[in-house]
Amino acid sequence: MAAAGYNPPGRALSLRNNECLGDLAVWERSNSGDNSEQMDRLRRNLRRIRETELTDRQAEMMHLYYDLGMSIPRIAQEKGLNKSSVSRTLARGRERLKRYLQYSW
(Lines give C-alpha, C1' and ligand atoms only; values in the text may rest on other atoms or scores of the structure.)
Protein backbone atom coordinates (compact mmCIF):
# COMPACT_ATOMS: atom_id res chain seq x y z
CA MET A 1 0.00 0.00 0.00
CA ALA A 2 1.72 3.14 -1.21
CA ALA A 3 0.50 6.39 0.22
CA ALA A 4 1.35 9.69 -1.40
CA GLY A 5 4.36 11.26 0.24
CA TYR A 6 5.35 8.09 2.12
CA ASN A 7 9.12 7.71 2.46
CA PRO A 8 10.47 4.52 4.01
CA PRO A 9 12.78 5.23 6.94
CA GLY A 10 16.40 5.60 5.97
CA ARG A 11 15.59 5.66 2.24
CA ALA A 12 15.22 9.33 1.36
CA LEU A 13 17.59 12.13 2.17
CA SER A 14 16.07 15.16 3.78
CA LEU A 15 17.29 18.65 3.01
CA ARG A 16 19.33 18.57 6.20
CA ASN A 17 21.02 15.31 5.19
CA ASN A 18 21.89 16.79 1.80
CA GLU A 19 23.43 19.77 3.56
CA CYS A 20 25.53 17.39 5.65
CA LEU A 21 26.68 15.56 2.54
CA GLY A 22 27.61 18.86 0.94
CA ASP A 23 29.49 19.91 4.06
CA LEU A 24 31.32 16.57 4.04
CA ALA A 25 32.47 17.13 0.43
CA VAL A 26 33.77 20.58 1.34
CA TRP A 27 35.54 19.16 4.40
CA GLU A 28 37.14 16.36 2.36
CA ARG A 29 38.45 18.81 -0.24
CA SER A 30 39.91 21.13 2.38
CA ASN A 31 41.48 18.33 4.46
CA SER A 32 42.74 16.02 1.75
CA GLY A 33 46.42 15.86 0.97
CA ASP A 34 48.01 17.37 -2.09
CA ASN A 35 48.20 14.72 -4.78
CA SER A 36 49.57 16.91 -7.56
CA GLU A 37 52.86 14.99 -7.64
CA GLN A 38 51.02 11.68 -8.11
CA MET A 39 48.79 13.19 -10.80
CA ASP A 40 51.84 14.58 -12.64
CA ARG A 41 53.50 11.16 -12.53
CA LEU A 42 50.29 9.52 -13.79
CA ARG A 43 49.97 11.98 -16.68
CA ARG A 44 53.64 11.53 -17.58
CA ASN A 45 53.31 7.74 -17.54
CA LEU A 46 50.07 7.86 -19.51
CA ARG A 47 51.69 9.99 -22.20
CA ARG A 48 54.73 7.69 -22.36
CA ILE A 49 52.60 4.55 -22.56
CA ARG A 50 50.39 6.02 -25.28
CA GLU A 51 53.48 6.86 -27.31
CA THR A 52 55.41 3.63 -26.80
CA GLU A 53 53.14 0.74 -25.82
CA LEU A 54 49.97 1.19 -27.87
CA THR A 55 49.78 0.11 -31.48
CA ASP A 56 49.50 2.93 -34.00
CA ARG A 57 45.86 2.09 -34.57
CA GLN A 58 45.06 2.01 -30.85
CA ALA A 59 46.83 5.32 -30.29
CA GLU A 60 44.97 6.92 -33.18
CA MET A 61 41.57 5.66 -31.98
CA MET A 62 42.31 6.79 -28.42
CA HIS A 63 43.29 10.23 -29.70
CA LEU A 64 40.14 10.59 -31.79
CA TYR A 65 37.83 9.30 -29.08
CA TYR A 66 39.29 10.81 -25.90
CA ASP A 67 41.27 13.83 -27.03
CA LEU A 68 39.04 15.04 -29.86
CA GLY A 69 35.75 13.74 -28.43
CA MET A 70 34.61 11.95 -31.56
CA SER A 71 31.92 9.28 -31.22
CA ILE A 72 32.53 5.66 -32.16
CA PRO A 73 30.09 5.79 -35.13
CA ARG A 74 31.79 8.93 -36.45
CA ILE A 75 35.27 7.43 -36.13
CA ALA A 76 34.05 4.30 -37.91
CA GLN A 77 32.53 6.34 -40.70
CA GLU A 78 35.60 8.52 -41.23
CA LYS A 79 38.01 5.56 -41.12
CA GLY A 80 35.81 3.25 -43.19
CA LEU A 81 35.60 0.70 -40.38
CA ASN A 82 32.83 -1.15 -38.63
CA LYS A 83 31.68 0.36 -35.31
CA SER A 84 32.52 -2.87 -33.52
CA SER A 85 36.10 -2.70 -34.81
CA VAL A 86 36.51 0.79 -33.37
CA SER A 87 34.96 -0.30 -30.08
CA ARG A 88 37.19 -3.38 -29.80
CA THR A 89 40.30 -1.36 -30.65
CA LEU A 90 39.45 1.16 -27.92
CA ALA A 91 38.79 -1.65 -25.43
CA ARG A 92 42.13 -3.29 -26.21
CA GLY A 93 43.91 0.03 -25.90
CA ARG A 94 42.27 0.72 -22.53
CA GLU A 95 43.21 -2.74 -21.31
CA ARG A 96 46.82 -2.22 -22.38
CA LEU A 97 46.91 1.19 -20.66
CA LYS A 98 45.46 -0.33 -17.52
CA ARG A 99 48.01 -3.13 -17.50
CA TYR A 100 50.94 -0.70 -17.78
CA LEU A 101 49.56 2.02 -15.51
CA GLN A 102 48.86 -0.30 -12.59
CA TYR A 103 52.61 -0.53 -12.06
CA SER A 104 53.31 3.18 -12.50
CA TRP A 105 52.82 4.15 -8.84
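Start by selecting Q58, which sits in helix α3. With a relative accessibility of 7%, Q58 is classed as buried. Show its surroundings, skip anything up to four places away in sequence, and you will find Q58 touching T89, R92, G93 and R96. Keep in mind as you look around that this is a predicted model.

**Zoom out to the whole chain**

Switch to a cartoon view. The protein chain has 5 helices and 0 strands, so reading from the N terminus gives the order α-α-α-α-α. Now colour by pLDDT: the chain averages 81, and 77% of its residues reach 70 or more. Where is confidence lowest, and where is it highest? The low end is helix α1 (residues 15-31), with a mean of 65, while the high end is helix α4 (residues 72-79), at 96.

If you like a surface view, turn it on here. The accessible surface of the chain is about 8400 Å², and carbon and sulfur atoms own 50% of that area. Of the 105 residues, 17% count as buried. A contact map is worth a glance too: among contacts with a separation of 6 or more, 60% are between residues 24 or more positions apart.

**Into the nonpolar core**

Next, select I49, L54, M61, M62, L64, M70, I75, A76, V86, L90, L97 and L101, the 12 residues of the largest nonpolar core. Helices α3, α4 and α5 (83-101) are the elements that give two or more residues to this core. Which element gives the most? That is α5, with 4 residues. As background, nonpolar side chains in soluble globular proteins tend to be buried together.

Stay with one core member, L64. Beyond its neighbours within four places in sequence, L64 is in contact with G69, M70, I75 and K79. Of these partners, M70 and I75 are also on the list of core residues.

**The salt bridges**

Time to show the charged side chains. How many salt bridges does a search of the whole structure find? The search returns 4, and three stops on this tour cover some of them.

- Select D67 and R50, whose side chains form a salt bridge at 2.8 Å, N to O. D67 belongs to helix α3 and R50 to helix α2, so this pair ties together parts 17 residues apart in sequence. Both ends are partly exposed: D67 has a relative accessible area of 44%, and R50 is at 22%.
- Move to E60 and K79, which meet in a salt bridge at 2.4 Å, N to O. Here E60 lies in helix α3 and K79 in helix α4, so the pair links parts that are 19 residues apart in sequence. E60 is partly exposed at 33%, and K79 is partly exposed at 39%. You have met K79 before, as a contact of L64.
- Finish with R74 and E78, joined by a salt bridge at 3.2 Å, N to O. Both residues lie in helix α4, 4 residues apart, which is about one turn of the helix. Is each end buried, partly exposed or exposed? R74 counts as partly exposed at 44%, whereas E78 is exposed, with a relative accessible area of 53%. The cut-off explains the split, because a residue counts as exposed only over 50%.

**The aromatic pair**

Display the tyrosine rings at Y65 and Y66, as the whole structure holds 1 aromatic pair. Why is this pair called edge-to-face? The ring centres of Y65 and Y66 are 4.8 Å apart and the planes stand at 90°, so the pair is edge-to-face. Y65 is partly exposed at 29% relative accessibility, and Y66 is partly exposed as well, at 42%.

**Last stop: a loop**

Select E53, found in the loop between α2 (36-52) and α3 (56-67). E53 is partly exposed, with a relative accessible area of 25%. Setting aside neighbours within four places in sequence, its contacts are R48, R96 and Y100. R96 may look familiar, since Q58 touches R96 too. To close, draw a distance between the C-alpha atoms of E53 and L97: they are 44 residues apart along the chain, and the separation is 8.1 Å. L97 itself takes you back to the nonpolar core, where it is one of the members.

Conventions: Residues are numbered from 1 along each chain as its sequence is written. This is a predicted model: local features need pLDDT of at least 70, side-chain atom pairs count only at pLDDT 80 or more; totals for chains, interfaces and linings use all residues. Side-chain values use heavy atoms; hydrogens and water are left out. Buried means under 20% relative accessible area, exposed over 50%, partly exposed in between (1.4 Å probe, protein chains only). Contact means heavy atoms within 4.5 Å. pLDDT is the predictor's confidence in each residue, from 0 to 100. Accessible areas come from the Shrake-Rupley method with a 1.4 Å probe; for residues, only the protein chains shown count as cover. A nonpolar core is a set of buried Ala, Val, Leu, Ile, Met, Phe, Trp, Tyr and Cys residues joined through side-chain atoms within 4.5 Å. Rings of Phe, Tyr and Trp (its six-membered ring) pair if their centres lie within 6.5 Å; planes under 30 degrees apart count as stacked, over 60 as edge-to-face and the rest as tilted.
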